[in-house]
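This report goes through a few helices and a few single residues. Please keep the sequence and the structure at hand while reading.

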Amino acid sequence: MGENVSKRLKLISATEAEMEERSFHNQFADWEAGLAACSTAAQLDHNDPFDAEGNVNAAFQKKVQSKIKDLLQQMEEGLKTANPHDFSTYTGWTGIALLYLQLYRVSAEASHLQRALDYVKRAMRILNGRKVTFLCGDAGPLAVGAVVHHKLNNIEERKECVSRLLQLQHSVLTPDAEMPDELLYGRAGYLYALLYVNKEVGADTVDNDTITKVVTAIVESGKNMSAAEKKTDRCPLLYEWHKKQYIGAAHGLAGIYYMLMQPGAMVPPTMLAELVRPSIDYVRHRRFRSGNFPSSLSNESDRLVHWCHGAPGVIHMLVMAYKVFKEEKYLKEAADCAEVIWQRGLLRKGYGICHGTAGNGYAFLTLYKLTQEKKYLYRACKFAEWCLDYGTHGCRIPDRPYSLFEGMAGTIHYLSEMANPEAASFPAFEL
């Protein structure tokens, strides 16, 4: 008995050490304590993002704007040595175009829209037809190109982008194609591109028939894999990538279910109730006691807390499930995810949005938009405050240090959300 306890204690301390290895200890005071600390004039710290009423203060906004300018300069300088052939949204030129579209959205400065056009044109010159998703394939530059041209009122160019985007559907719809279903490289990533264009350009830009065909391909693929499993506790829609049944937003079930629940995907209510909801519940039951989620169904290690694997990606699925099915359990578990992210979300891996602190901050913004609880806005601001000290914490330097999903561009995108948190949206994911 004593030996077993000793083994268990060793396992717990090893897990804690691993957690510590992956994240910094969050030393920020949480919402109530943080607000109490700045509620008296004597203790008011102008570096704090909130005033005594719980609103984001002007001094913090000014600091954020100043940092955005500084990081933009660094990014532009750094991009001079970036891979000239990477057109992707994830790590290439389209991601930078998307950042400038965001900056245009929050500032209405025409120069930002022009920069978005410059970068998306650069991306579209080097498309290769090998991948079809928004994040890593031709669909990203074509969808972003359509939106930029729409905003510039370049009607013919916009139409051409949409036409080329729709031509990609053949490989997505071919049942025997070596096409995964996940967001980064698969069908869900193509579906996002279609929904994004309809949201930004107009609801009928991509016809309903095309969207339905893509949705059907995703659903049929999930049903087929589920049937092949032959398990008693079957998940109605099951997907894998590289022979693993991942859970997270980038490669896994959470990202796919999240896309299927989007209103623009027009998945029939019976299909949502009979296939999507029980699949979400299947994933929910894989949750760790900590409130975090494993990277795949077969993984029992509670170590990853970032958007691509773990609670910061799954939280978006849970929030969407709450909106669609109106069941409190989804909101409660989303709030549990937020606790995990607050405790373990300041990542040593960096400041990016795929596997960095900025991406984790988006989870708080998403919950804030849903609940209007100031606690989540406060936490989002604190993660932004951490990002204001970019490069000083000793984090790992990513392979593509200036890119949207791995590097500086993603951090700038997150910081820019502080100007209008109500309209915040995780790029290439939230709609």
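Two residues are in contact when they have heavy atoms within 4.5 Å. By that rule, Arg 115 touches Glu 76 and Tyr 100, not counting residues up to four places away in sequence. The model is predicted, so local features need pLDDT of at least 70 and side-chain atom pairs count only at pLDDT 80 or more, while totals for chains, interfaces and linings use all residues. Residues are numbered from 1 along each chain as its sequence is written, and side-chain values use heavy atoms, with hydrogens and water left out.

**Three residues in helices**

Helices (H or I, at least four residues) are DSSP runs, numbered from the N terminus. A residue is buried under 20% relative accessible area, exposed over 50% and partly exposed in between, with a 1.4 Å probe and protein chains only. The table places three residues on this scale.

| Residue | Helix | Relative accessible area | Class |
|---|---|---|---|
| Arg 115 | α5 (residues 110–124) | 29% | partly exposed |
| Thr 366 | α15 (residues 357–371) | 6% | buried |
| Arg 379 | α16 (residues 374–388) | 1% | buried |

Leaving aside neighbours within four places in sequence, Thr 366 is in contact with His 316, Val 319 and Glu 430. With the same kind of neighbours left out, Arg 379 is in contact with Asp 30, Ala 338, Glu 339, Trp 342 and Phe 364. The C-alpha atoms of Arg 115 and His 242 are separated by 37 Å, and these residues are 127 residues apart along the chain.

**Helix α13**

Helix α13 covers residues 311–325. The expected span of a helix is 1.5 Å times one less than its number of residues. For the 15 residues of α13 this gives 21 Å, which agrees with the 20 Å between its end C-alpha atoms. Of these 15 residues, 13 are buried. Just after α13, Lys 326 has a positive phi of about 55°.

**Helices α11 and α12**

Two packed helices are described by the angle between their axes and the distance between the axes. Axes are lines fitted to C-alpha atoms, for helices over the stretch in contact, and angles run from 0 to 180 degrees between N-to-C directions. The axes of α11 (residues 253–260) and α12 (residues 269–284) come within 11 Å and cross at roughly 150°. Angles over 145 degrees count as roughly antiparallel, under 35 as roughly parallel, 65 to 115 as roughly perpendicular and the rest as oblique, so α11 is roughly antiparallel to α12. The contact is made by Leu 253, Tyr 257 and Leu 260 of α11 and by Leu 272, Val 276, Ser 279, Ile 280 and Val 283 of α12.

Definitions and conventions: Helix = DSSP H or I, 4+ residues; strand = E, 2+ residues; numbered from the N terminus.
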